[in-house]
Amino acid sequence: IKELIDNRQLYFVPVANPDGYKYNQDSNPGGGGLHRKNRNQTNLTTNIGTDLNRNFEIGWNEIGIGGSMANPGSSTTTTNDTYRGISAMSELENQAMRDWLRNRRITMAFNHHSFAEAH
């Protein structure tokens, strides 16, 4: 651990979807909020936003297994929880992360992803 701390730069991004996180806190203060999308007003329904995990450039509109569906695991329907956005990297949160990473020489990354309530 001393070697890592003395000879590496470590960056931590505790929350990449702050408005979605805040929405979960406000809508489910006792825990259990499962809203996974940001709160960008993509339409006028109650299930607004884009699933940021499905908005990155890599594989955004690839054809799925058997050529049956583009980007399996995501949706083009704005009200769906897995809505991938109007285009790759259309969301400000993803653009900010991309731009931040481009300005650094990142040689290794460790990601922890969760859309469940943390206690």
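**Figure 1. Salt bridges in the predicted model.** This predicted model holds 5 salt bridges. Side chains of opposite charge can pair when their charged atoms come close. The views in Figures 2 and 3 show three of these pairs in turn: D51 with R36, D51 with R54, and D99 with R98.

**Figure 2. The network of R36, D51 and R54.** Salt bridges link R36, D51 and R54 in a network. In the pair of D51 and R36, the closest N and O atoms are 2.8 Å apart. D51 and R36 both lie in the loop between α2 and α3, and their pair links distant parts of the chain, 15 residues apart. D51 also meets the side chain of R54, at 2.7 Å from N to O. How buried or exposed are the members of this network? D51 has a relative accessibility of 0%, so it counts as buried. R36 is buried too, with a relative accessible area of 15%, whereas R54 is partly exposed at 24%.

**Figure 3. The salt bridge of D99 and R98.** The closest N and O atoms of D99 and R98 are 3.0 Å apart. D99 is partly exposed, with a relative accessible area of 36%. R98 is partly exposed as well, with a value of 22%.

**Figure 4. The aromatic pair of Y11 and W100.** A search of the whole structure finds 1 aromatic pair. Y11 and W100 form this pair, with 4.9 Å from centre to centre and 85 degrees between the planes, and the arrangement is edge-to-face. Which parts of the chain does the pair tie together? Y11 lies in the loop between α1 (2-7) and α2 (18-27), while W100 lies in helix α3 (residues 92-102), so the pair joins parts that are 89 residues apart in sequence. Y11 counts as partly exposed, at 38% relative accessibility. W100 also counts as partly exposed, at 27%.

**Figure 5. Arginines over aromatic rings.** R39 lies over the face of Y23, at 3.7 Å from the ring centre. In a second case, R84 lies over the face of W60, and here the distance from the ring centre is 4.8 Å.

**Figure 6. The backbone at M89.** M89 is found in the loop between α2 and α3. Most residues other than glycine have a negative phi. M89 is not a glycine, yet its phi is positive, at about 60 degrees. Is M89 buried or exposed? With a relative accessible area of 6%, M89 is buried.

**Figure 7. The whole chain, for orientation.** The chain has 3 helices and 0 strands, and along the sequence it follows the pattern α-α-α. Buried residues make up 26% of the 119 residues. Of the contacts in the chain with a separation of 6 or more, 51% come from residues 24 or more positions apart. The chain exposes about 8,800 Å², and carbon and sulfur atoms supply 55% of this area.

**Figure 8. Confidence along the predicted chain.** The average pLDDT of the chain is 83, and 82% of the residues score at least 70. Among the elements of the chain, α3 has the highest mean pLDDT, 93, and α2 the lowest, 90. Helix α3 is the element that holds W100 of the aromatic pair.

Methods. Residues are numbered from 1 along each chain as its sequence is written. This is a predicted model: local features need pLDDT of at least 70, side-chain atom pairs count only at pLDDT 80 or more; totals for chains, interfaces and linings use all residues. Side-chain values use heavy atoms; hydrogens and water are left out. Rings of Phe, Tyr and Trp (its six-membered ring) pair if their centres lie within 6.5 Å; planes under 30 degrees apart count as stacked, over 60 as edge-to-face and the rest as tilted. Helices (H or I, at least four residues) and strands (E, at least two) are DSSP runs, numbered from the N terminus. Buried means under 20% relative accessible area, exposed over 50%, partly exposed in between (1.4 Å probe, protein chains only). A charge sits over a ring if NZ of Lys or CZ of Arg is within 6 Å of the ring centre and within 35 degrees of the ring normal. Contact means heavy atoms within 4.5 Å. Accessible areas come from the Shrake-Rupley method with a 1.4 Å probe; for residues, only the protein chains shown count as cover. pLDDT is the predictor's confidence in each residue, from 0 to 100. A salt bridge is a side-chain nitrogen of Lys or Arg within 4 Å of a carboxyl oxygen of Asp or Glu.
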